[in-house]
Amino acid sequence: MVTGDYGLTAAAIARNTGIFTSERDPDTIERLHSKLGLSSQELRAARESGETRSLLLEGHSLTGLSNDDWEIICEYGEIVFARTTPEQKLRIVEEFRKRDNVVAVTGDGVNDAPALRAADVGVAVVTGSDVAIEAADLVLLDKFDSIIEAIRLGRLVFQNLQKVIAYLLPAGSWSEIWPVILNVFFGVPLPLSSFLMIIICVFTDLFLSLSLIMEKEEFDLLSLPPRNHKRDHLITIRIYIQAYLFTGFMETTIAHAMYFLYYWKQARIPIREMFFLFEGYSQGFHGYSQEELTHLNAVGQSIYFVTLVILQWGNVLSVRNRRLSIFQADPFTAKRRNPWLIVSMLISLAIAIFVTEVPGIQNLFGTASVPIEFWLIPLPLALSILAMDEVRKLVVRVFPNGPIAKIAW
């Protein structure tokens, strides 16, 4: 908190508003310069371990502060600057930004204008002075306390976007590139056509990903520490591990297994003979004509497509909760209810049926009807993906400092 009030008044306000949470008196400039003062490394370690230390500085003491003093000040978790002038407010903002902090400044008076302009985000209120409104990046139409709700909703949107990305990558990226790799490098007849890849990306995954935007928060988002804008990006290596090496690996393996299973059940062609065919998949292969082979591959591609659509149901039920079990936060109870999720599943199913079963679409884009058993087999397999993720979440909850927790998104 940066204010023009006296130190004692500012400290009392800070305690009443929850800025000062420590029961002991805040540190002052005298303690900072004494032998009892802590170094910046010690303060950082204490803050990261959960220890709370408070600092109260008055404007007249800011003039003689060295660069080392500011290094120490910026490591405090709770700071109040009292009796500050506009120039001192500006310096406070600059010193914090100089140390890779993201600084937001709120103010409504003329004296706040320089700090509002210099901050990463300057926030003024519509009832404030014209100078403050002009200098700010954001102007609140409500009171300042609406910032709290804005921060909560902003964090919710950020987390939901991460969930959308974690949902889209397994089928929309990983499970679509492997059919191409197997076809180009290993000579397997293409397990998924370009048309069906587009249908997954543009239609069947679209509605489920939109439903994830409507998810409610899993826990109190305001309890999270501020995000490090240089390290904690929207897409992280942990999301890639979850999407590609965990869910994506399972979906790709299952979808290919269903593709090869169809060839074995329908044409008695074993999986080992499907590899390194290249031009060998033509007239006379296993005694089939070119037209029959084309039809077999059309059905196989449609089975691969249908399998991915159904497996994504298990994936979406998994990614909607990053830590909680499905039993703790199912989509039906009031606290985490998301009716759009069920509606989106039905829409994706309807699209899959339309694409594979309508004769006009079959003739136009080379799809084929999928046998009923290949609509049913993926259902328990989708539940198995959900079950595997439930096991992963359980391990993370039981062993929060374990190796799985360290790579968990």
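This tour proceeds through the structure selection by selection, beginning with its overall division.

**The two domains**

The structure on display is a predicted model. Select residues 7-147 for domain 1, and then residues 154-407 for domain 2. The C-alpha centres of these two domains are separated by 48 Å.

**The sheet**

Select β3, β4 and β5, which together make an open sheet of three strands. Their order is β3-β4-β5, and the pairing is parallel. Which strands stand at the edges? These are β3 (104-106) and β5 (138-140); each has a single partner strand, so one side of each is left without a neighbour in the sheet. Viewed across the sheet, the twist from one strand to the next averages 20 degrees. As background, the strands of a sheet pair through backbone hydrogen bonds, in either a parallel or an antiparallel manner.

Now select strand β4, residues 121-125. Three bridges link β4 to β5, and the parallel pairing of β3 with β4 also runs over three bridges. A convenient residue to label is Val123: Leu138 in β5 is its bridge partner, and Thr106 stands opposite Val123 as well. Is β4 enclosed or open to the surroundings? Four of its five residues are buried, so β4 is largely enclosed by the rest of the structure.

**Two cysteines**

Select Cys74 next. Its relative accessibility is 10%, and because buried means under 20%, Cys74 counts as buried. Move then to Cys201, where the relative accessibility is 37%; this residue therefore counts as partly exposed. Over the whole structure, a search finds zero disulfides.

**The annotated regions**

The following selections come from an unreviewed UniProt entry. Under "domain: Cation-transporting P-type ATPase C-terminal", the entry lists residues 189-395. In the model this span is 62% helix and 0% strand, with its end C-alpha atoms 39 Å apart.

Under "transmembrane region", the unreviewed UniProt entry lists residues 164-186, 192-214, 235-264, 302-319, 340-358 and 364-387. Two of these listed spans may be selected in turn. Residues 302-319 are 100% helix and 0% strand, and their end C-alpha atoms lie 26 Å apart. Residues 364-387 are 67% helix and 0% strand, and here the end C-alpha atoms lie 38 Å apart.

**The largest nonpolar core**

Select Leu192, Tyr263, Phe305 and Val316 and display their side chains. The largest nonpolar core has 65 residues, and these four touch the most other members. Several helices each supply at least two residues of this core: α8 (146-186), α9 (194-213), α10 (237-267), α11 (290-319), α12 (339-357), α14 (373-376) and α15 (378-398). Which helix gives the most to this core? It is α11, with 16 residues.

**A last pair of residues**

Finally, select Ile353, which is placed in helix α12. At 38% relative accessibility, Ile353 counts as partly exposed. Add Phe96 to the selection and draw a line between the two C-alpha atoms. Ile353 and Phe96 are 257 residues apart along the chain, and their C-alpha atoms are separated by 57 Å.

Conventions. Residues numbered from 1 in each chain as written. Predicted model: local features only at pLDDT ≥ 70, side-chain atom pairs only at ≥ 80, totals over all residues. Heavy atoms only, no water. Domains from an automatic or database assignment. Pairing = 2+ DSSP bridges. Axes fitted to C-alpha atoms, helices over the stretch in contact; angles between N-to-C directions. Disulfide = S-S within 2.5 Å. Buried < 20%, exposed > 50% of the residue type's maximum accessible area, 1.4 Å probe, protein only. UniProt positions renumbered as here; feature names shortened; annotations may be inferred. Core = buried A, V, L, I, M, F, W, Y, C linked by side-chain atoms within 4.5 Å.
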